[in-house]
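Good morning, and thank you for making time for this. I would like to take you through one chain, beginning with its sheets and helices and ending with two points of backbone geometry. Please have the sequence and the model open as we go.

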Amino acid sequence: MAASVLIVGGTHGNECNGPWLLQHWGHKPQQLQRRGLSVRTEIGNPAALEAGRRYIDKDLNRSFIDELLQDPGTPCLEGQRAQQLLASHGPNGQMPAQVLIDLHSTTAAMGNCLVLYGRRPADLALAAGCQEELGLPVYLHESDPRQTGFMAQAWPCGLALEVGPVAQGVLSPAICRQSELGLEVLLDVLEKAAAGQLNLRRHLQIHRHLGSIDLPRDNHGQPCACLHPQRLCGDWQELQAGDPLFQHADGTTITFAGDPEGPVHTVFSNEAAYQEKGIATSLTRKEDLQAERSWVDALQAVLQN
């Protein structure tokens with residue numbers, strides 16, 4: 001029996017490149033199919049996509065929480081949509097999927113990456129296999145009580161493919177092609193795992209989430225400084241004590257105070273969607289995880305379930 005993989009685009013309605021690809025693949029579904037896999041697609045938030053907004057009531061990628069999932073009468077549109085997606089494609093749904101790949105785009109100058117939400121072995125195996133082929137950075141987002149309820153966590157195996165930079169609501173052929181290439185490799189890794197042929201040759205390099213920083217604000221809550229131009233040249237850059245972090249309108253600089261455990265790296269700097277969340281940039285620490293056979297075993301077990 002083929003393992004089921006669900007590809008979701010349009011989790012955020014103003015990220016239009018993923019949904020555009022899903023429409024294309026709808027006419028040529030054979031492009032997605034792999035031996036041992038049954039691949040299908042779904043628009044994450046159709047109402048927000050139609051409105052050209054990130055969300056209607058609440059960020060769908062923060063809505064997979066018990067408070068919303070266990071409330072059959074929730075008035076929150078994204079809570080209702082989370083319930084619908086799980087009822088249709090969740091591990092106990094009508095058409096259960098074992099793996100979820102969530103397509104996203106970013107306005108930040110961070111290029112392309114994979115996003116993991118925790119250290120589930122199956123997720124680590126999928127990310128490691130992809131990183132070996134494409135060299136994509138892996139952002140490990142964990143242990144942040146301010147941000148929970150991510151879609152990928154609701155499936156036995158899941159991650160996000162983040163591609164950018166691109167402005168919200170803008171369809172870009174380059175972004176579409178990069179998304180397509182990343183997805184092709186992820187599906188190739190899953191095909192190898194389903195056939196028992198996935199071998200991880202080296203370590204997995206991650207950027208572990210440490211926390212997020214807001215812009216400096218005045219007594220009225222308005223920003224009184226912006227990110228320093230050096231922080232906008234590209235993410236994944238090392239940030240040490242004394243490096244410029246923010247800049248006032250008159251050009252004066254606020255430097256980074258440093259981290260007692262050593263250098264950190266930035267990610268999602270000036271992401272437009274995070275302004276409302278009070279996030280100017282997030283800090284990570286680069287770490288190497290030794291690839292383990294148990295990761296592959298876990299991914300194979302998920303696909304065989």
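Let me begin with a contact between two helices. Asn17, Trp20, Leu21 and Trp25 of α1 meet Ile175, Cys176, Ser179, Glu180 and Leu183 of α6. Sorted by class, this contact of α1 with α6 comprises 6 nonpolar, 2 polar and 1 charged residues. I should say at once that the model is a predicted one.

How are the two helices placed? The axes of α1, residues 17-27, and α6, residues 173-194, come within 10 Å and cross at roughly 65°. That angle makes α1 roughly perpendicular to α6. The crossing of α1 and α6 is right-handed.

Let me now step back to the whole chain. There are 7 helices and 13 strands in the chain. Its radius of gyration is 19 Å, close to the 19 Å that the globule rule gives for 305 residues, so the chain is as compact as a globular protein of that length. Taken along the principal axes, the C-alpha atoms fill a box of roughly 65 × 45 × 35 Å.

I turn next to the sheets. As a reminder, strands of a sheet pair through backbone hydrogen bonds, either parallel or antiparallel. In this model, 10 strands form an open sheet with mixed pairing, and their order is β2-β1-β3-β6-β4-β5-β7-β13-β12-β9. Which strands stand at its edges? They are β2, residues 37-43, and β9, residues 238-239, each of which pairs on one side only. Helix α1, which we have already met in its contact with α6, also packs on this sheet, where it touches β1 (3-9), β2 and β3 (99-105). The direction of α1 makes about 130° with that of β1.

Three strand pairs illustrate the mixed character of this sheet. First, β4, residues 113-116, and β6, residues 157-163, pair in the antiparallel sense over 3 bridges. Within that pair, Val115 has Ala160 of β6 as its bridge partner. Second, β5, residues 138-140, and β7, residues 204-213, run parallel and are joined by 3 bridges. Here Tyr139 stands opposite His207 of β7. Third, β7 pairs with β13, residues 281-289, in the antiparallel sense over 9 bridges. In this pair, Ile213 is opposite Thr281 of β13. Strand β7 thus has a parallel partner in β5 and an antiparallel partner in β13.

There is also an open sheet of 3 strands, in the order β8-β10-β11, with antiparallel pairing. Strands β8 (226-227) and β11 (253-255) stand at its edges with a single partner strand each, so one side of each is left without a neighbour in the sheet. The pairing of β8 with β10, residues 244-247, is antiparallel and runs over 2 bridges. Cys226 stands opposite Gln247 of β10.

Let me return to the helices, and to α7 in particular. Two packed helices are described by the angle between their axes and the distance between the axes. For α5, residues 121-134, and α7, residues 293-304, the angle is about 105° and the axes are 7 Å apart. These two helices, α5 and α7, are therefore roughly perpendicular to each other. From α5 the contact draws on Pro121, Ala122, Leu124, Ala125, Leu126 and Ala128, and from α7 on Ser294, Trp295, Val296, Ala298, Leu299 and Val302. By class, the residues in the contact of α5 with α7 divide into 11 nonpolar, 1 polar and no charged.

What of α6 and α7? They pack at an angle of about 85°, with their axes 9 Å apart. Accordingly, α6 and α7 are also described as roughly perpendicular to each other. Leu190, Ala193 and Ala194 of α6 make this contact with Leu299, Gln300 and Leu303 of α7. The contact of α6 with α7 has 5 nonpolar, 1 polar and no charged residues. Leu299 therefore takes part in the contact of α7 with α5 and in that of α7 with α6.

Finally, the backbone. Most residues other than glycine have a negative phi, and most peptide bonds are trans. Where does this chain depart from that pattern? Gly164 and Pro165 are joined by a cis peptide bond, with omega about 0°. Pro165 lies in the loop between β6 and α6. Phe268, a residue other than glycine, has a positive phi near 55°. Its place is in the loop between β12, residues 264-267, and β13.

Thank you; I welcome your questions.

Note on methods. Residues are numbered from 1 along each chain as its sequence is written. This is a predicted model: local features need pLDDT of at least 70, side-chain atom pairs count only at pLDDT 80 or more; totals for chains, interfaces and linings use all residues. Side-chain values use heavy atoms; hydrogens and water are left out. Axes are lines fitted to C-alpha atoms, for helices over the stretch in contact, and angles run from 0 to 180 degrees between N-to-C directions. Helices (H or I, at least four residues) and strands (E, at least two) are DSSP runs, numbered from the N terminus. Angles under 35 degrees count as roughly parallel, over 145 as roughly antiparallel, 65 to 115 as roughly perpendicular and the rest as oblique. A crossing is left-handed if the near helix is turned anticlockwise from the far one by less than a right angle, and right-handed if clockwise. Contact means heavy atoms within 4.5 Å. Ala, Val, Leu, Ile, Met, Phe, Trp, Tyr, Cys and Pro count as nonpolar, Asp, Glu, Lys and Arg as charged, and the others, Gly among them, as polar. Two strands pair if DSSP finds at least two bridges between them. The radius of gyration is taken over C-alpha atoms; the globule rule is 2.2 Å times the number of residues to the power 0.38.
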